[in-house]
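Reader: I would like to learn how to read a fold, feature by feature. Please show me the model and let us start.

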Amino acid sequence: MIIKTIEFFGMFTDMTKTNWKRALICVGAGLLTLPAFAAVETVTYGNFEVSFYGNGDVFSSNHWGNHSSSQDWTQEVKDCVGRALNYWSDVIVTDSTEKVKVAFVWQELVSGALGGASPLYYWNPYSGVCYSNGEAALREHAYSSAYYNLSNKETTSLVRISTNANFYYGESETGITYVQYDLQSVLVHEIGHIMGFDSFCDGDPTWGNLTMSNGDTFTAVTTLDTLLVTENANGELVSVFEAKNSVDYPGWVNYEQTVEFSAGKEYFLKTGETDSGELQLSTLKVYNPTKYSAGSSMSHVEATGTGEEPQMSYAIANGKIRRELTSDELTLLRAMGWTVAVPEPSAFGLLAGTFALALAVGSRRRKRGKEKF
Ligand SMILES: [Zn+2]
């Protein structure tokens, strides 16, 4: 059966649509000083193909709109991007020859935002899951012709970096001052969204649908969404989504939502199931504040107890030591279907040692600033 159209709601990670407009207005004011001809540089780092949009370059996208960059890329900053992408390339084991395409632009983001990621999605009707372009390229055997591109046939995700944040760009984490935000940590975080830390939840009780040309609908879920676990009306922990074989399309899978979404409710993440069907849960839960925040709610994780603050938490304090993926996040990535390489033990030891210091600094200086990303 030929499908002519798939409609779905656009989604921003980290910024609301209102904020997005404001960022565009700010950028527009600087257009007079732009150079007439600017070349966009494309560089490959590990599994990623990056396009650097400099001052005046416009990332033009039918799906995400036009995004003018308002700053050039120094070698120091490009090296910082390269370290973040090489880090992800080291963590993720893949035999794919595809690259994850990402465009980087500088923009004046709304106050409180350090960066934003806008992943692209491909729907695989045979698994029923919408894969980010990171997952599609590296994990799901490249871009199968059976997938449906949900992003106006585009193939490049967008990462926006704030021009008005006090960033530290250096390689040595010891150089971060107490008023600075570590750009490398921010970039590892934003790429995390493109690697699947994302949700199609838009705050409504029911998840969005993919609508076929004949009117049939399929539930739009990310891989992370499929791992959601919460309490039902009887107080039992249940999976939020259950995979069901499609009645109308033999061989296709549709996810059915078993529990309605409500802001403020606890959403855990399953890492597996025992033989007796008991759910095994991650030590991380999904960030779901009482007031739903578009692009922030459900796309980030937090520790359930007193565990280490995860890389993919919704905010980062300034003056902190560099943040990397925690061991709990690596476990979660495995549950999301990734093959993950465990960093060298020496690296863990170093991280644990410096992190203890970081937490102390962070809690003392929290009032100075804690920004979303
Ligand atoms: Zn984020």
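Author: Begin with contacts: two residues are in contact if their C-beta atoms, placed from the backbone, lie within 7 Å. Residues are numbered from 1 along each chain as its sequence is written. This is a predicted model: local features need pLDDT of at least 70, side-chain atom pairs count only at pLDDT 80 or more, and totals for chains, interfaces and linings use all residues.

Reader: Which residues is Tyr169 in contact with, leaving aside neighbours within four places in sequence?

Author: Tyr169 is in contact with Glu76, Val77, Cys80 and Leu183. Tyr169 sits in the loop between strand 12 (167-168) and strand 13 (181-182). Helices (H or I, at least four residues) and strands (E, at least two) are DSSP runs, numbered from the N terminus. Tyr181 is twelve residues from Tyr169 in sequence, and their C-alpha atoms are 8.9 Å apart.

Reader: Is Tyr169 buried or exposed?

Author: Count C-beta atoms, placed from the backbone: a residue is buried if 20 or more others lie within 10 Å of its own, exposed if 12 or fewer, and partly exposed in between. Tyr169 counts as partly exposed because it has 16 C-beta neighbours inside 10 Å.

Reader: What are the totals for the chain?

Author: The chain has seven helices and 25 strands. Of its 373 residues, 41% are buried. Among contacts with a separation of 6 or more, 67% join residues 24 or more positions apart.

Reader: Now helices. What span should helix 2 have?

Author: The expected span of a helix is 1.5 Å times one less than its number of residues. For helix 2 (residues 75-91), 17 residues should span 24 Å, and the end C-alpha atoms are 24 Å apart, which agrees.

Reader: Which residues of helix 2 are buried?

Author: The general idea comes from the helix repeat. An α-helix has 3.6 residues a turn, so residues three or four places apart point the same way. In helix 2, Cys80, Val81, Ala84, Leu85, Trp88 and Val91 are buried. They cover an arc of only 125° around the axis (taken from the directions from the helix axis to the C-beta atoms), which puts them on the same side of helix 2. The face turned away from that buried side carries the exposed residues Gln75 and Glu76. The cover over the buried residues includes strand 1, strand 2 (48-52), strand 6 and helix 4.

Reader: How many residues of helix 4 are buried?

Author: Twelve of its twelve residues are buried, so helix 4 is mostly covered. Among them are Leu183, His189 and Ile194. The twelve residues should span 16 Å, and the end C-alpha atoms lie 17 Å apart, which agrees. Just after helix 4, Gly196 takes a positive phi of about 125°.

Reader: On to sheets. What is the strand order in the sheet that holds strand 6?

Author: Strands of a sheet pair through backbone hydrogen bonds, either parallel or antiparallel. Two strands count as paired if DSSP finds at least two bridges between them. Here an open sheet of five strands has the order 1-2-6-11-7, with mixed pairing. Strand 1 (41-45) and strand 7 (115-118) stand at the edges with a single partner strand each, so one side of each is left without a neighbour in the sheet. Strand 6 (residues 100-107) and strand 11 (residues 157-162) run parallel, joined by six bridges. Phe104 has Val159 as its bridge partner in strand 11.

Reader: What lies across this sheet, and at which angle to strand 7?

Author: Axes are lines fitted to C-alpha atoms, for helices over the stretch in contact, and angles run from 0 to 180 degrees between N-to-C directions. Helix 4 (residues 183-194) lies across strand 6, strand 7 and strand 11, at about 20° to strand 7.

Reader: What is the strand order in the sheet that holds strand 20?

Author: That open sheet has five strands in the order 17-16-20-21-22, with antiparallel pairing. Neighbouring strands there are turned by 50° against each other on average, direction ignored. Helix 6 (residues 327-335) packs on the sheet, touching strand 20 and strand 21 (279-286), and makes about 125° with strand 21. Strand 20 and strand 21 pair over four bridges. They form a hairpin with five residues between them, and Gly277 in the turn has a positive phi of about 90°. Glu273 has Leu279 as its bridge partner in strand 21.

Reader: Last, the core. Which residues touch the most other members of the largest nonpolar core?

Author: A nonpolar core is a set of buried Ala, Val, Leu, Ile, Met, Phe, Trp, Tyr and Cys residues joined through C-beta atoms within 7 Å. The largest one has 84 residues, and Phe104 and Cys130 touch the most other members. Not counting residues up to four places away in sequence, Cys130 touches several residues, including Tyr121, Trp123, Leu150 and Phe200.
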